[in-house]
Amino acid sequence: MKDSARIAILFLIVAGILALALGGYFGFISQRFNVSLVAVQAWVSTRFVAIQEFITLPRESASLIRRNAELEAEVSRLQAQVVQYKQQVSQTEALAALVNFSRSNPESSYTAASVIGRDPSPFLHYIIIDRGSADGLRRGMPVVTEKGLVGRIDAVIANAARIQLITDPGSSVNVRLEKAGREAALAGSVSGDLSLELLAQDVPVETGDILLTSGLGGGYPPDLIVGQVLNIRKRDSDLFQQVTIQPVVDFSALKIVLIITDFRPVDITPLLQIP
Amino acid sequence: MRNLIAFPVLTLAFILQMSIVRRVTLLSGAADLPLLLLAAWALQEEVASAWLWALLAGFISAFVSGLPPLAPLTAYLLIVGLARLIQRQVWRLPVLAMFTVTLLGTLILHLFSFLALQISGSPISLGDTLAFITLPGLFLNFLLAFPAYAAMRDLATWVYPSENLL
C-alpha cells in the first residue's frame, strides 16, 4: 500500500505540474531557462569557432592568398584578351569599311596595307606601311581610306613603303571644288593644316563645300574626296582667297590604308618650263 | 667588337622613334630618341665610338626618313662634336652637360632639317617651325634627356667595364 500510495502521490504531483505547465503558470520560469540555455550555447559555440579559426587560420590564409593570386592572374589574362578582341574588332571594322569602299569603287584595284610607323622627323608628315614593291607597289601610287584621300607613295623597298600624306608641307594636290566646279591647289603645312592656294577672289566658296581631286597634273586620279571647306578669309588686298580645309581622313588614327595599284602617275615635270 | 653595340641600340632607337615616340606629339613637335641616345653616348667619358654612332644614325635616318640625307648626317656629326667638347669642359656636371647638348643638339638638327627642306622646295616658315615643332620638341626632349643619359651611362659601364674599374 505504501508503494501504491507513493506512486499515486508522485503521479498526482507530476500531473499537477504538467497541468500547471500546460496552463501557462511556468512560462516565466521556462523563459528564463531557455534564455540561459541559449546564452550558454552561444558562449560555447563562439569559443569553439574562435579556437577552430585559431587552429586553421594560417592554412586558410595561405589558401586564400594563393586563390587570390590565381584569380588576379586570371583577371589579367582576361583583360589582355578583351584588349586583343577589341583590337581585332576595330581592325575588322576598318577592313570591312575598306572592303565596302573597294566594292563601291570597282573601277580601281586596291592593295590594303597596315600603317607600321611614321617618319622619325617631325618636319615631315609621312607614314610607313608594311607593303612594298614585292606586293606590286610603285612610287607615286595614290593612297586612300574608305573616307578619302590620304596621300601617295614617296619611296618603296621590297616589303615596305613610305607615304607622303597630303598634310605634309611638301605636298600639293590639285583639287576641284565640287559645288563651284573650280580648280585650286591644296597645300599641307608644318602644323598639318590644309589650305587652298591659287583660288581667285571671285570663286564662290562656302563653308562645308566638298573638295575632290581634279586629276590635273596626273598625280592623282580624279574625284577622290579630300575634305571640306572649314574657314574662308577674303581680303581685298589679296590676290587669292585664303581657305582652310578640314580633311575627311583622321591622319592621327590611320591604321589601315588602301593603295590604288592600277593608277600610273604621270610625271609632268619635264614639260614644265623653268624660268 | 664594342662598336657593334651601336647597330642594335640605334636600330631599336629608330624603331621606337617611328612607332611610338613620333605618335606622342605636342602640337606638331615630338621627342627625338636617336638624338638623345647619341648625345648621351657621346657624353660618356670612356666612350670612343661616338663618331661611328653619329655616322650610323645618319645612315639609318637617311634610309628611313624623307629628309634630305645630308641634313641629319651632318647634324648628328655636329652634335657628337659638340657633346665631346662639352664633356671635356663640364665633365663634373654630366646632367648639366646632357641638358646643354639636348638644347643645342635639337636646335642644330632642326636648323639643318629646316634648311634642307627649304632648299628642296618645301614651303615652310621659320615661325611655324619654331612654334609648332622646335619648342614643343625641345620640351619633350628635356623630359627624356635624363632617362636617356641614365640608360647610356649604364650601357657604357657595361660595354667598357675595365675602364670604370681603373
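Is A:Leu254 buried or exposed, and how many C-beta neighbours does A:Leu254 have inside 10 Å? Let's start there. A:Leu254 has 20 C-beta neighbours inside 10 Å, so A:Leu254 counts as buried. The cut-off for buried is 20 or more. One word of caution before we go on. This is a predicted model.

Where does A:Leu254 sit? Look at the loop between β11 and β12 of chain A. That loop holds A:Leu254, and β12 covers residues 256-260. Now look at what A:Leu254 touches. Leaving out residues up to four places away in sequence, the contacts are A:Val115, A:Ile127 and A:Val150. Also find A:Ser114. Along the chain, A:Ser114 and A:Leu254 are 140 residues apart. Their C-alpha atoms are separated by 8.7 Å.

Now step back to chain A as a whole. Chain A is divided into two parts: domain 1 spans 2-57, and domain 2 spans 111-263. How far apart do the C-alpha centres of these domains lie? The answer is 95 Å.

Let's take one residue from the helical side. A:Gln41 is found in helix α2 of chain A, which runs over residues 27-104. A:Gln41 has 10 other C-beta atoms within 10 Å, so A:Gln41 is exposed. For exposed, the cut-off is 12 or fewer. Pair A:Gln41 with A:Thr244. These two are 203 residues apart along the chain. Their C-alpha atoms are separated by 86 Å.

Next, the strands. Chain A has a closed barrel of six strands in the order β1-β2-β5-β4-β3-β12. The pairing is antiparallel. From one strand to the next, the twist averages 45°. Zoom in on one pair. Strand β2, residues 126-129, runs antiparallel to strand β5, residues 160-165, and four bridges join them. Want a residue to click on? Try A:Ile128. The bridge partner of A:Ile128 in β5(A) is A:Arg162.

Chain A also shows this closed barrel of six strands: β6-β7-β8-β11-β10-β9. Here too the pairing is antiparallel. The twist averages 45° from strand to strand. Follow two pairs here. Strand β9, residues 210-213, pairs with strand β10, residues 225-233, over three bridges in the antiparallel sense. In that pair, A:Leu212 has A:Ile225 in β10(A) as its bridge partner. Then β10(A) pairs with strand β11, residues 242-247. That pairing is antiparallel and has six bridges. Within β11(A), A:Val243 is the bridge partner of A:Ile232. Right beside that, A:Arg233 stands opposite A:Gln242 in β11(A).

Now, chain B. What does its pattern look like along the sequence? The pattern is α-α-α-α-α-α-α. That makes seven helices and zero strands in chain B. The radius of gyration of chain B is 15 Å, close to the 15 Å that the globule rule gives for 166 residues, so chain B is as compact as a globular protein of that length. Along its principal axes, the C-alpha trace of chain B spans about 55 × 30 × 25 Å. Of its 166 residues, 45% count as buried. Take the contacts in chain B between residues at least 6 apart in sequence. Of these, 72% join residues at least 24 apart.

One helix of chain B deserves a stop. Helix α2 of chain B, residues 33-42, is mostly covered. How many of its 10 residues are buried? The count is 10 of 10. Among them are B:Leu33, B:Pro34, B:Trp41 and B:Ala42. What covers the buried residues of α2(B)? The cover includes α1, α3, α4, α5 and α6 of chain B.

Last stop: where the chains meet. In all, 20 residues of chain A are in contact with 25 residues of chain B. Which strands of chain A help? β1, β2 and β5 each supply at least two residues of the side that touches chain B. β1(A) gives the most, with three residues. Sort that side of chain A by class. You get nine nonpolar, seven polar and four charged residues.

That's the tour. Back to the opening residue for a final look: A:Leu254 counts as buried, while A:Gln41 is exposed. Find both in the structure above.

Technical notes:
Residues are numbered from 1 along each chain as its sequence is written. Chains are lettered from A and ligands numbered from 1 in the order in which they are written. This is a predicted model: local features need pLDDT of at least 70, side-chain atom pairs count only at pLDDT 80 or more; totals for chains, interfaces and linings use all residues. Domain bounds come from an automatic or database domain assignment. Two strands pair if DSSP finds at least two bridges between them. Axes are lines fitted to C-alpha atoms, for helices over the stretch in contact, and angles run from 0 to 180 degrees between N-to-C directions. Two residues are in contact if their C-beta atoms, placed from the backbone, lie within 7 Å. Ala, Val, Leu, Ile, Met, Phe, Trp, Tyr, Cys and Pro count as nonpolar, Asp, Glu, Lys and Arg as charged, and the others, Gly among them, as polar. The radius of gyration is taken over C-alpha atoms; the globule rule is 2.2 Å times the number of residues to the power 0.38.
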